[in-house]
Amino acid sequence: MAKVPITVARGDGIGPEIMDATLRILEAAGAELEIEEIEIGEKAYLKGYSAGIAPEAWESLRRTKVFLKAPITTPQGGGFKSLNVTVRKTLGLYANVRPCAAYAPFVETKHPGMDVVIIRENEEDLYAGIEHRQTDQVYQCLKLITRPGTEKIVRYAFEYARMNGRKKVTCFTKDNIMKMTDGLFHKVFEEVAAEYPGIEAEHWIVDIGAAKLADTPEAFDVVVLPNLYGDILSDVAAQIAGSVGLAGSANIGEHGAMFEAIHGSAPRRAGQDLANPSGLLLGAVMMLVHIGQSDVATRVHNAWLRTIEDGIHTYDIYDPGVSKEKVGTRAFADAVIARLGQEPQHLKPVRYTAEGRFTPPPLKPQPRAKKETIGVDVFVHDPEATPDGLAARLQALEGDGLRLAMITNRGVKVWPEGLPETFCTDHWRCRFKADGPTSHAAIVGLLGRLAGAGIDFIKTEHLCTFDGEEAFSKGQGE
């Protein structure tokens with residue numbers, strides 16, 4: 001077998017130790033890898049690279065398209081970007097995959113039957129990172145959900161289930177509140193699910209779904225979520241399975257993939273031969289499947305399971321009542337290597353197949369809708385305003401068919417017919433609507449009149465219809 005080029009970063013803190021242990025195990029198992037090393041993390045940050053990675057490192061990542069990454073340390077203070085977010089978004093790694101399995105009774109857990117895979121959308125949602133301070137009192141973060149991004153992640157979840165013999169895919173959203181953004185995620189989930197009749201599909205509202213996941217994780221198989229919910233619940237799932245320190249992670253895209261542990265660099269444990277390399281090793285197992293070396297992945301994973309089963313444990317999971325030997329990083333790697341070719345006797349052995357890499361089909365073309373603008377929301381900064389007083393000022397500026405229809409504060413309607421008990425900040429959404437389609441020129445004219453009257457508008461959002469259907473939320477209480 002020809003060697004597969006991969007890019008490796010040893011990271012910071014415990015990173016070099018657990019990477020050394022991981023690479024020794026992979027080599028002993030017969031992995032065919034051609035390794036290119038890059039420097040990332042704290043040293044790169046301190047050299048002035050705000051995302052923790054030098055320009056020449058990108059050349060390796062784009063060439064190999066496979067990145068095995070140890071944890072890094074981000075220096076304290078402002079001005080430093082998340083390396084993980086930068087790599088995921090720059091290389092289009094849209095799917096974050098985290099298997100969360102229990103290893104009872106060898107690793108303590110309250111959920112011995114748990115075997116859940118969390119698949120999280122990686123590129124959009126609130127993690128688009130588009131934020132503004134708009135007034136003295138109000139900040140905003142834009143939540144962006146796209147149909148192409150949602151279709152890619154949902155299809156990946158169903159393909160993952162199909163390729164790995166999983167029976168059910170569950171979607172979590174909050175579309176009872178965010179009817180348009182989370183509503184789109186839910187709608188696309190239902191559309192894609194219809195193409196996989198052999199796999200059960202279900203949807204939960206995220207709050208009760210999260211409670212169910214924490215209480216009865218055995219009820220779930222594959223869970224697909226938007227970015228923020230997935231970030232939170234993947235850590236929850238890993239912890240209740242037994243330990244965040246045992247979880248590996250894959251970040252998959254059409255043009256590359258990154259594999260890592262989900263824990264941090266733990267600088268206080270660095271250089272002491274204490275750290276558990278299991279999270280990074282299991283991330284590397286996912287990498288082996290991805291590059292088509294599933295036989296090696298099977299050998300490594302089963303040897304690791306046998307080591308855990310034999311009670312050879314690092315300090316973080318050591319339990320005198322269960323464990324037989326407390327070992328350090330190097331000795332744990334030696335124990336896994338000694339068990340290559342063996343399978344667990346009590347835990348379920350794994351079997352990886354050659355069908356590891358998923359190439360997504362082309363996105364379904366969507367017909368362009370007829371879009372018409374019928375009004376505008378103008379956001380106004382005014383710390384002294386009252387709903388009625390602001391409305392009177394704005395009504396005097398109506399024109400070109402645009403009339404004031406509503407004022408909200410933090411999404412709650414305060415004019416007309418607002419309630420005096422509603423707490424208001426200095427941030428007002430003022431909705432102007434026309435009886436039919438309006439023009440950009442009419443909106444610009446309105447803004448000109450507002451500016452001339454000293455109204456401090458800070459943002460506008462056009463109110464549009466698509467194929468005649470209103471495509472904007474109403475005010476709470478409207």
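Biologist: Let's start with Tyr94: buried or exposed?
Modeller: In this predicted model, Tyr94 counts as buried, because its relative accessibility is 2%, and buried is taken as under 20%.

Biologist: And Tyr156, what is its relative accessible area?
Modeller: Tyr156 has a relative accessible area of 9%, so this residue is buried as well.

Biologist: How many aromatic pairs are there?
Modeller: The count comes to eight aromatic pairs. One of them joins Tyr94 and Tyr156, whose ring centres are 6.3 Å apart with 90 degrees between the planes, an edge-to-face arrangement. Because Tyr94 lies in the loop between α4 (83-90) and β4 (95-101) while Tyr156 belongs to helix α5 (residues 147-163), the pair ties together parts that are 62 residues apart in sequence.

Biologist: What about Phe158 and Phe189, why is that pair tilted?
Modeller: Their planes stand at 35 degrees to each other, with the ring centres 5.6 Å apart, so the pair is tilted; the stacked class needs planes under 30 degrees apart and the edge-to-face class over 60. Phe158 sits in helix α5 and Phe189 in helix α6 (residues 181-193), so this pair connects parts 31 residues apart in sequence. Both Phe158 and Phe189 are buried.

Biologist: Which residues form a cluster with Tyr94?
Modeller: Tyr94 forms one aromatic cluster together with Tyr156 and Tyr160. Both Tyr156 and Tyr160 also appear among the residues touched by Ile119, leaving aside residues up to four places away in sequence; that list includes Asn96, Val97, Ile153 and Ala157, as well as Val222, Val223, Val224 and Leu225.

Biologist: Where does Ile119 fit in the core, then?
Modeller: Ile119 is one of the residues with the most contacts inside the largest nonpolar core, along with Leu26 and Trp304, and that core has 78 residues. Helix α9 (residues 278-290) gives the most to this core, with nine residues. There is also a second, separate core of 23 residues, which includes Val380, Leu394, Leu397 and Trp428.

Biologist: Switching to α11, which residues are buried there?
Modeller: In helix α11 (residues 329-338) the buried residues are Thr329, Phe332, Ala333, Ala335 and Val336. Looking down the axis of α11, these buried residues fall within an arc of 155 degrees, so they line one face of the helix. Arg330 and Ala338, on the other side of α11, are exposed.

Biologist: What does the buried side of α11 pack against?
Modeller: The buried residues of α11 pack against α1 (15-29), α9, α10 (294-309) and β13 (312-313).

Biologist: Any charges over rings? Which ring does Lys326 sit over?
Modeller: The charged end of Lys326 sits over the ring of Tyr318, at 4.8 Å from its centre. Lys459, for its part, lies over the face of Phe379, 5.2 Å from the ring centre.

Biologist: And the open sheet, what is its strand order?
Modeller: The open sheet has six strands in the order β17-β16-β18-β15-β19-β20, with antiparallel pairing. Its edge strands, β17 (412-415) and β20 (469-470), each pair on one side only. Strand β16 (residues 403-409) is joined to β17 by three bridges, and the bridge partner of Ile407 in β17 is Trp415.

Biologist: Last one: where is Ile6, and what does Ile6 touch?
Modeller: Ile6 is in strand β1 (residues 4-9) and counts as buried, at 0% relative accessibility. Leaving out residues up to four places away in sequence, Ile6 touches Leu33, Glu34, Ile35, Glu36, Thr64, Val66 and Met287. The C-alpha atoms of Ile6 and Glu34 are 6.1 Å apart in space, although these two residues are 28 residues apart in sequence.

How values were computed. Residues are numbered from 1 along each chain as its sequence is written. This is a predicted model: local features need pLDDT of at least 70, side-chain atom pairs count only at pLDDT 80 or more; totals for chains, interfaces and linings use all residues. Side-chain values use heavy atoms; hydrogens and water are left out. Rings of Phe, Tyr and Trp (its six-membered ring) pair if their centres lie within 6.5 Å; planes under 30 degrees apart count as stacked, over 60 as edge-to-face and the rest as tilted. Helices (H or I, at least four residues) and strands (E, at least two) are DSSP runs, numbered from the N terminus. Buried means under 20% relative accessible area, exposed over 50%, partly exposed in between (1.4 Å probe, protein chains only). A charge sits over a ring if NZ of Lys or CZ of Arg is within 6 Å of the ring centre and within 35 degrees of the ring normal. A nonpolar core is a set of buried Ala, Val, Leu, Ile, Met, Phe, Trp, Tyr and Cys residues joined through side-chain atoms within 4.5 Å. Contact means heavy atoms within 4.5 Å. The arc is that of the directions from the helix axis to the C-beta atoms. Two strands pair if DSSP finds at least two bridges between them.
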